[in-house]
Structures are given as structure tokens and as C-alpha cells.
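Let's go through this one by asking how each label is earned. Ready to put some values against their cut-offs?

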Amino acid sequence: MHIGKKMDKQYRLALLILLIPLITLVASTLTFYLGYKPSEINANGNPLEPKIDTTNLNLIKNSGEQFIFEPGKWYFVYFDNFDDEELSLDRYKIARSSKATLRRESHRLRRLVIYKDIEKFNKAESLRAQFPEVIFLYDKDNLFKQRMSENLSDPYVSKSMFLVDSFALVVWEFNISLPFSDIFEDLETLL
């Protein structure tokens with residue numbers, strides 16, 4: 001009889017071990033289909049609503065060819081008018097650091113600087129030379145700036161950094177007051 005009671009306890013334990021993942025799976029599936037979601041996003045940056053479309057822009061690379069956002073890649077975007085080289089340097093360092101600290105996901109994140117004044121861009125050659133991994137794009141006809149300004153303040157004035165998702169939509173804004181640690185925390189969650 002002693003062996004029978006021991007076997008009965010082992011069967012119950014085995015059944016419990018098998019049921020726990022099944023119960024977890026059923027509960028999570030039900031909450032998903034019933035529409036449960038957190039009421040508040042715990043983020044440092046600002047999610048953008050509506051998201052801003054980046055198709056049909058006239059962004060030109062240094063080589064003269066047109067730039068198109070690549071599906072599956074994320075982009076860290078900064079609009080620079082090159083008025084304050086020290087601020088530009090600081091913002092570029094944040095963009096570089098974000099890629100370096102993301103390790104596993106770093107291959108998915110690219111850094112873009114959008115500019116509208118070719119003369120100021122050419123004068124900032126020493127700044128650009130420090131960041132060869134950054135893609136500099138000329139916003140011909142100011143289409144990107146106009147699209148951003150429809151929903152937000154002028155990105156050249158706000159000095160915010162933006163995140164473009166893998167569907168080529170501007171989805172997140174990181175204002176100038178955020179330290180790198182807060183930006184990194186959001187990037188780690190979003191990517």
C-alpha cells in the first residue's frame with residue numbers, strides 16, 4: 001500500500017507539471033482575444049499618433065541616388081540644420097551609442113541625418129567625418145519636414161530624434177531633454 005500511495009502522488013505531480021503550461025497558454029490566448037491590454041504605456045519617449053508615412057519622399061544620398069526606407073530595418077532619424085555643431089555632435093553620439101548598446105538588435109537599426117541646406121552641410125565636413133556610419137540625406141523639396149510638421153513642431157527647431165519602424169512609419173519621438181539611458185530603454189523595448 002505504501003508504494004501505491006507514493007505512485008499516486010507522483011502521478012498527481014506529473015499531471016500538475018503538464019497542466020501549468022497548458023493553463024498559462026489558454027489564459028494568455030483568452031486575454032489576447034478578449035482584447036486585454038495595459039491602459040498605460042510606460043515609456044520615456046512619445047509614441048506618435050497618427051504615425052507618419054515616409055513613402056514618396058525625395059531624400060537624396062551623397063552619391064546622388066534616391067534613398068528608400070528598407071523594409072525590416074529601423075531608423076533613428078535626426079533633422080539637422082548644422083547651426084550648432086556641439087549639439088549635432090551630441091545627438092550623433094546618442095545615435096551611435098544606441099546602436100552599440102543594442103548588441104543583438106543592432107544590425108536592424110540604422111542612423112539617418114536629414115538636412116535641407118547643402119551649403120551648411122558642406123561646411124560641417126569635419127563633423128560628418130567623425131560619423132562615417134551615419135547616412136546623410138538631403139530633403140529635396142522639404143517633403144519630409146513638411147510631413148513631420150503637419151503632426152508635430154518643426155523637427156529642425158525641436159531637435160527631437162525620431163524612430164522609423166520596419167514598415168517605414170515614424171512611430172516614436174525622443175525629445176531633446178531625454179538622456180541616453182531613457183532613449184536606450186525605449187529602443188530596447190521597441191526593437
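Q: Let's start with a side chain: why is Lys61 called partly exposed?
A: Its relative accessibility is 29%, and partly exposed covers what lies between under 20% (buried) and over 50% (exposed). So Lys61 counts as partly exposed. Bear in mind that this is a predicted model.

Q: What makes Lys61 and Glu65 a salt bridge?
A: Their side chains meet at 3.6 Å, N to O, and the cut-off is within 4 Å, so the pair qualifies. Glu65 is partly exposed too, because its relative accessibility of 45% falls in the in-between range.

Q: How many salt bridges does the structure hold?
A: Six. Another of them joins Lys51 and Glu49, at 2.8 Å from N to O.

Q: Why is Glu49 called exposed, and what is Lys51 called?
A: Glu49 has a relative accessibility of 66%, and exposed means over 50%, so the word fits. Lys51 comes in at 38%, which means partly exposed.

Q: What kind of peptide bond joins Glu49 and Pro50?
A: A cis one, with omega at about 0 degrees. Pro50 has its place in strand 1, residues 46-53.

Q: What makes Glu70 and Arg110 a salt bridge, and which parts of the chain does the pair link?
A: The closest N and O atoms are 2.9 Å apart, which is within 4 Å, so the label holds. The pair links distant parts of the chain: Glu70 is in the loop between strand 2 (59-60) and strand 3, while Arg110 is in strand 4, 40 residues apart. Glu70 has a relative accessible area of 35%, so it is partly exposed. Arg110, at 28%, is partly exposed as well, because that value is also in the in-between range.

Q: How do you know that strand 3 is mostly covered?
A: Count its residues: for strand 3, residues 74-79, six of six are buried.

Q: Which residues of strand 3 point which way?
A: Trp74, Phe76 and Tyr78 point one way, with Tyr75, Val77 and Phe79 pointing the other way, and all are buried. That pattern is what you'd expect, because side chains in a regular strand alternate between the two faces of the sheet.

Q: Why are strand 3 and strand 4 called paired?
A: Pairing needs at least two bridges, and six bridges join strand 3 to strand 4 (residues 109-115), so they count as a pair. These two strands run parallel.

Q: What about strand 3 and strand 6: parallel or antiparallel?
A: Antiparallel, over four bridges, with strand 6 spanning residues 161-164. Tyr78 shows both sides of the arrangement: its bridge partner in strand 4 is Val113, and in strand 6 it is Met161.

Q: How many residues does the largest nonpolar core have, and which have the most contacts inside it?
A: It has 25 residues, and those with the most contacts inside it are Phe76, Phe82, Tyr92, Phe136, Leu163 and Phe174. The elements giving two or more residues to this core are strand 3, helix 2 (85-101), strand 4, strand 6, strand 7 (169-174) and helix 7. Helix 2 gives the most, with four residues. Apart from this core lies another, of 19 residues, among them Leu48, Phe69, Ile114 and Met148.

Q: What is Phe174 in contact with?
A: Leaving aside neighbours within four places in sequence, its contacts include Phe76, Met161, Leu163, Ile183 and Leu187. Polar or charged names turn up in the list too, including Arg91, Ser160 and Asp186.

Q: Why is Phe82 called buried, and where is it?
A: Its relative accessibility is 12%, and buried means under 20%, so the term applies. Phe82 is in the loop between strand 3 and helix 2. Its phi is near 60 degrees, a positive value in a residue other than glycine.

Q: What makes Ala168 buried?
A: A relative accessible area of 14%, which is under 20%, so Ala168 counts as buried. Ala168 is found in the loop between strand 6 and strand 7, and it has a positive phi of about 65 degrees although it is not a glycine.

Q: How confident is the predictor in the protein chain?
A: The mean pLDDT is 86, and 91% of the residues reach 70 or more. Among the elements, helix 7 (residues 180-190) has the lowest mean, 81, and strand 5 (residues 135-139) the highest, 95.

Technical notes. Residues are numbered from 1 along each chain as its sequence is written. This is a predicted model: local features need pLDDT of at least 70, side-chain atom pairs count only at pLDDT 80 or more; totals for chains, interfaces and linings use all residues. Side-chain values use heavy atoms; hydrogens and water are left out. Buried means under 20% relative accessible area, exposed over 50%, partly exposed in between (1.4 Å probe, protein chains only). pLDDT is the predictor's confidence in each residue, from 0 to 100. A nonpolar core is a set of buried Ala, Val, Leu, Ile, Met, Phe, Trp, Tyr and Cys residues joined through side-chain atoms within 4.5 Å. Contact means heavy atoms within 4.5 Å.
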